[in-house]
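Biologist: I would like to learn how to read a model like this one, feature by feature. Where should we begin?

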Amino acid sequence: MPFVCSALKRKDYDGSSKSIELQKRVRQWWFVSTDGKVCVNVRYGAKLIELAKGKTAVEVASADDLIKTLEIIKSAVEAGELDSQIAQASGAVRAGFGK
């Protein structure tokens, strides 16, 4: 899994705040299919969003297509087209906290 450094502000014992850097694990949200195309998952937290019946990933051929596809997904989310899928994933995430 890849790691990324993130800066956090923490209060010291005397009340002063200081910035520290920590390594944080970032889950991979893409994978390469058997035919060499890049597939991108859309997630809400740890839950996959189902974009179509039984489909949780978008397959693209190149980096240029990936950028266009991410822009389309962003506009669909902003337009509310994925609200029901996000609500379903949100309920599943919330249910996990009640255990």
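**One loop residue, then the sheet around it**

Modeller: Begin with a single residue: Ser 33 sits in the loop that links β3 and β4. Keep in mind that the model is predicted.

Biologist: Is Ser 33 buried or exposed?

Modeller: The general idea is to compare a relative accessible area with a cut-off, and buried means under 20%. Ser 33 has a relative accessible area of 17%, so Ser 33 counts as buried.

Biologist: Which residues does Ser 33 touch, leaving out those up to four places away in sequence?

Modeller: With those left out, Ser 33 touches Cys 39 and Glu 59. There is also a polar contact, at 2.3 Å, between the side chains of Ser 33 and Asp 35.

Biologist: What do β3 and β4 form together?

Modeller: They form a hairpin, with five residues between the two strands. In the turn, Gly 36 has a positive phi of about 90°. The pairing of β3 with β4, residues 38-41, is antiparallel and runs over three bridges. For one position, look at Phe 31, whose bridge partner in β4 is Cys 39. Cys 39 is also one of the residues that Ser 33 touches.

Biologist: How many bridges join β4 to β7?

Modeller: Four bridges join them, and these two strands run antiparallel. Within this pairing, Val 38 stands opposite Val 60 of β7.

Biologist: In what order do the strands of the sheet lie?

Modeller: To read a sheet, list its strands by pairing partner. Here the order is β3-β4-β7, an open sheet of three strands with antiparallel pairing. The edges are β3, residues 30-32, and β7, residues 57-60, each of which pairs on one side only. On average, neighbouring strands of this sheet are turned by 25° against each other, with direction ignored.

Biologist: Which helix packs on the sheet, and which strands does that helix touch?

Modeller: Helix α1, residues 63-78, packs on the sheet and touches β4 and β7. The direction of α1 makes about 150° with that of β7. For a residue-level view, take Leu 66, which is in helix α1. Leu 66 touches Val 40 and Val 60, not counting residues up to four places away in sequence. The C-alpha atoms of Leu 66 and Val 38 are separated by 8.1 Å, although the two residues are 28 apart along the chain.

Biologist: What pattern does the whole chain follow along the sequence?

Modeller: The pattern is β-β-β-β-β-β-β-α-α, which matches a count of two helices and seven strands. Of the 99 residues, 14% count as buried. The accessible surface of the chain is about 7,800 Å², and carbon and sulfur atoms account for 54% of it. Among contacts between residues at least 6 apart in sequence, 25% join residues at least 24 apart.

Biologist: Where is confidence lowest, and where is it highest?

Modeller: Read the chain average before the parts. The average pLDDT is 81, and 90% of the residues score at least 70. Confidence is lowest in strand β1, residues 3-11, with a mean of 68. Confidence is highest in β7, at 89; β7 is also an edge strand of the sheet discussed above.

Methods. Residues are numbered from 1 along each chain as its sequence is written. This is a predicted model: local features need pLDDT of at least 70, side-chain atom pairs count only at pLDDT 80 or more; totals for chains, interfaces and linings use all residues. Side-chain values use heavy atoms; hydrogens and water are left out. Two strands pair if DSSP finds at least two bridges between them. Axes are lines fitted to C-alpha atoms, for helices over the stretch in contact, and angles run from 0 to 180 degrees between N-to-C directions. Contact means heavy atoms within 4.5 Å. Buried means under 20% relative accessible area, exposed over 50%, partly exposed in between (1.4 Å probe, protein chains only). Accessible areas come from the Shrake-Rupley method with a 1.4 Å probe; for residues, only the protein chains shown count as cover. A polar contact is a pair of N or O atoms within 3.5 Å; within protein, one must be able to donate a hydrogen and the other to accept it, and residues adjacent in sequence count only if both atoms are side-chain atoms. pLDDT is the predictor's confidence in each residue, from 0 to 100.
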